[in-house]
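Please go through the fold below by question and answer.

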Amino acid sequence: MDTSKKTNNPAYSHTDNTPVNLTNEQWKKILPKDVYEVARQKGTERAWTSPLEELKDVGTYYCAVCGNPLFKSDTKFESGCGWPSFYQPISKSSIIYAADHSYGMDRTEVMCGRCKSHLGHVFNDGPPPTHLRYCINGVVLDFEKAKEAEKKYNADKQ
Ligand SMILES: [Zn+2]
């Protein structure tokens with residue numbers, strides 16, 4: 001994956017879970033423009049534009065802003081909505097929720113549990129077991145393929 005966007009990002013880590021509290025001024029200098037617009041200004045990428053939408057590889061999806069682990073590939077599903085969709089975050093602390101009444105709609109916004117960046121929304125029309133659909137902008141996700149050993153472990157389990 002492209003790692004260039006993290007070279008100037010002191011907050012980025014896959015293991016450090018201490019909260020990140022940077023101002024938008026600071027983020028603007030650190031993040032690529034498309035990431036900044038979605039993550040910090042609650043923008044939405046155009047449907048069907050994310051290469052992650054159709055990705056079926058085994059691995060982990062991280063917050064592209066701070067590196068917080070958000071979703072595992074085995075909770076990703078084909079929702080047909082045009083954005084990467086998951087039915088369950090990695091842990092309760094991966095995500096924080098907020099009521100969003102913008103555009104005359106009643107939605108629940110989901111944000112990164114570590115850096116509070118906007119990720120997307122969660123809806124009640126997902127598949128079992130949670131029946132939730134986390135509809136996430138691909139631009140704020142980083143995907144990392146599972147290591148070969150991990151893949152083998154998962155294969156043996158089945
Ligand atoms: Zn984050």
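The questions below go from the overall fold to single residues.

This is a predicted model, in which local features need pLDDT of at least 70 and side-chain atom pairs count only at pLDDT 80 or more, while totals for chains, interfaces and linings use all residues. Residues are numbered from 1 along each chain as its sequence is written.

Q: In what order do the elements of the protein chain run from the N terminus on?
A: Helices (H or I, at least four residues) and strands (E, at least two) are DSSP runs, numbered from the N terminus. The protein chain has three helices and nine strands. Their order is α-α-β-β-β-β-β-β-β-β-β-α.

Q: What is the strand order of the open sheet of six strands?
A: Two strands pair if DSSP finds at least two bridges between them. Pairing in this sheet is antiparallel. Strand 5 and strand 6, for example, are joined by six bridges, and A98 has E109 of strand 6 as its bridge partner. The order is 3-4-8-7-6-5.

Q: Which strands stand at the edges of this sheet?
A: An edge strand here has a single partner strand, so one side of it is left without a neighbour in the sheet. That applies to strand 3 (76–77) and strand 5 (95–100).

Q: Which residue stands opposite T60 in strand 9?
A: Strand 1 (59–63) pairs with strand 9 (residues 141–145) in the antiparallel sense over five bridges. Strand 1 is also joined to strand 2, again antiparallel, by three bridges, where T60 stands opposite K72. In strand 9, the residue opposite T60 is E144.

Q: Which residue in the turn between strand 1 and strand 2 has a positive phi?
A: The two strands form a hairpin with five residues between them. The phi in question is about 90°, and the residue is G67.

Q: Which element supplies the largest share of the largest nonpolar core?
A: A nonpolar core is a set of buried Ala, Val, Leu, Ile, Met, Phe, Trp, Tyr and Cys residues joined through C-beta atoms within 7 Å. Of the 33 residues in this one, V35, C63, V65, C66 and V140 touch the most other members. At least two residues each come from helix 2, strand 1, strand 2 (69–72), strand 6 (107–112), strand 7 and strand 8. The largest share, four residues, comes from helix 2.

Q: Which residues does C66 touch, not counting those up to four places away in sequence?
A: Two residues are in contact if their C-beta atoms, placed from the backbone, lie within 7 Å. By that criterion, C66 touches A11, Y12, V20, C112, R114 and C115.

Q: Is W48 buried or exposed?
A: A residue is buried if 20 or more other C-beta atoms lie within 10 Å of its own, exposed if 12 or fewer, and partly exposed in between, with C-beta atoms placed from the backbone. W48 lies in the loop between helix 2 (33–39) and strand 1, and has a positive phi of about 65° although it is not a glycine. Because W48 has 11 other C-beta atoms within 10 Å, it is exposed.

Q: Which residues does the cis peptide bond join?
A: P129 is in the loop between strand 7 (118–123) and strand 8 (133–136). H131 is also placed in the loop between these strands, and has a positive phi of about 60°. The cis bond has an omega of about 5° and joins P128 and P129.
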